[in-house]
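User: Please take a close look at one helix in this model and at what surrounds it. I would like a connected account.

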Amino acid sequence: MRFHTELTIPQPIRKISYLSPIFSIGSCFSKEIGTKLASLKYSVLQNPCGITFNPVSMLSCVRACLSTNSLPETEFLFHNEIWCHPGFHGSFNHPNKNTHQNLTNSSLLKASKFLTTTQVVLITLGTSYAYRSKKSHHIVNNCHKLPDTEFDRELLNVKVILEALAEIKVLIDKAALKPVHYIITVSPIRHIRDGLIENQRSKARAIEASHLFAETDDRIQYFPSYEILMDDLRDYRFYKDDMIHPSEQAVNYIYKKFEETYLDPEEQDLRTRIRNINNCLAHKPLFPDSNNHKVFKTQLLNKIIKLEAEYPHISFSENQLNGLK
């Protein structure tokens with residue numbers, strides 16, 4: 001007897017290997033997937049402008065990354081004793097203007113270099129709603145708690161979303177030195193503040209545009225994150241207490257589907273070794289000064305050294321290793 005409807009996800013033309021740098025842009029769900037890939041030591045660069053929900057802002061971010069110019073001084077705003085930029089998430093905000101500008105411009109520069117090497121782009125659409133500044137007439141990535149009267153909210157239509165996605169692809173294809181494969185998905189996180197009915201309209205437009213985008217090139221594939229939560233798991237027990245965000249169990253389930261679909265099966269043993277090391281690194285001993293724990297740390301350090309020697313493109317950070325030395 002079957003108690004849920006499981007989706008069949010088409011296999012991609014090419015699997016993702018450890019030698020395939022991954023550029024991830026989009027909503028906070030893209031961060032969930034990107035963080036899991038990074039923990040497995042894939043080369044991942046996530047959201048150079050911070051979490052970005054709508055596709056027009058994603059396009060603006062990619063344009064900024066590939067521009068040869070620094071951000072114009074006139075675009076930086078000072079509000080509530082904090083410097084901010086409408087194209088960046090609040091995590092870049094800072095009370096010092098120079099620090100804020102350095103954070104934003106250095107992030108763009110890092111992304112610009114990364115995009116020349118990237119071979120996989122993961123795009124996660126969060127919403128079709130966007131906010132347009134009445135002053136600049138541009139769609140912003142973040143309103144930074146400025147007065148509502150300074151913005152007009154609009155629901156992007158399928159044509160606008162598709163055009164934004166198409167231009168993102170053109171820009172990245174032009175910058176990348178090797179052919180790029182694209183994975184597009186729609187975040188399963190519901191934007192309740194828009195209203196339940198409005199959220200469904202928003203997701204519907206994002207889903208339709210994503211499918212139309214995927215139909216334009218064999219190098220683009222749609223991954224059904226939204227459908228897995230809505231139609232496969234389909235239960236409020238797979239949500240956090242806010243009834244909006246998927247629970248850790250749900251995220252892990254969706255990620256497992258992603259891994260089974262896209263990651264190279266020939267590297268499964270390597271992923272297992274890295275997971276085992278990560279689990280050991282996360283271990284919190286009851287008696288950290290005991291001889292047994294000292295032996296445990298030495299053995300773990302030797303495992304890491306051996307793995308890094310076998311796979312020179314994989315490395316653990318100094319922060320991870322400091323506790324073992």
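Analyst: What follows looks at helix 2 first, then at the core, the sheet and one loop residue. The model is predicted.

Helix 2 covers residues 55-66. At 1.5 Å a residue, its 12 residues should span 16 Å, and the distance of 17 Å between its end C-alpha atoms agrees with that. At the N-terminal end, Asn-54 acts as the cap, with a side-chain oxygen 3.0 Å from the backbone nitrogen of Val-56.

Burial comes next. Because 9 of its 12 residues are buried, helix 2 is largely enclosed by the rest of the structure. The buried residues are Pro-55, Val-56, Ser-57, Met-58, Leu-59, Cys-61, Val-62, Ala-64 and Cys-65. They pack against two strands of the sheet, strand 1 and strand 5, and also against helix 3 (97-117), strand 7 (139-140) and helix 4 (158-175).

The largest nonpolar core has 82 residues, and helix 2 supplies the largest share of this core, 7 residues. The residues with the most contacts inside the core are Ile-16, Ile-123, Leu-125, Ile-172 and Phe-258. Beyond its neighbours within four places in sequence, Ile-16 touches a set of residues including Ile-22, Val-120, Ile-183 and Phe-258.

The sheet is open and has 5 strands in the order 2-1-5-9-10, with parallel pairing. Strand 2 (44-46) and strand 10 (220-223) each have a single partner strand, so one side of each is left without a neighbour in the sheet. From one strand to the next, the twist averages 20°. Strand 5 (residues 120-125) and strand 9 (residues 181-186) run parallel and are joined by 6 bridges; Leu-122 has Ile-183 of strand 9 as its bridge partner.

Two other helices pack on this sheet or lie across its strands. Helix 1 (residues 28-39) touches strand 1 (22-26), strand 2 and strand 5, and its direction makes about 160° with that of strand 2. Helix 7 (residues 248-262) lies across strand 5, strand 9 and strand 10, at about 150° to strand 10.

The loop between strand 5 and strand 6 (129-133) holds Ser-128. With a relative accessible area of 0%, Ser-128 falls under the 20% cut-off and therefore counts as buried. A polar atom of the Ser-128 side chain lies 3.4 Å from the backbone nitrogen of Ala-206. Apart from neighbours within four places in sequence, Ser-128 is in contact with Glu-154, Leu-155, Leu-156, Ile-161, Ser-202, Arg-205 and Ala-206.

Technical notes:
Residues are numbered from 1 along each chain as its sequence is written. This is a predicted model: local features need pLDDT of at least 70, side-chain atom pairs count only at pLDDT 80 or more; totals for chains, interfaces and linings use all residues. Side-chain values use heavy atoms; hydrogens and water are left out. Two strands pair if DSSP finds at least two bridges between them. Helices (H or I, at least four residues) and strands (E, at least two) are DSSP runs, numbered from the N terminus. Axes are lines fitted to C-alpha atoms, for helices over the stretch in contact, and angles run from 0 to 180 degrees between N-to-C directions. Contact means heavy atoms within 4.5 Å. Buried means under 20% relative accessible area, exposed over 50%, partly exposed in between (1.4 Å probe, protein chains only). A polar contact is a pair of N or O atoms within 3.5 Å; within protein, one must be able to donate a hydrogen and the other to accept it, and residues adjacent in sequence count only if both atoms are side-chain atoms. A nonpolar core is a set of buried Ala, Val, Leu, Ile, Met, Phe, Trp, Tyr and Cys residues joined through side-chain atoms within 4.5 Å. The expected span of a helix is 1.5 Å times one less than its number of residues.
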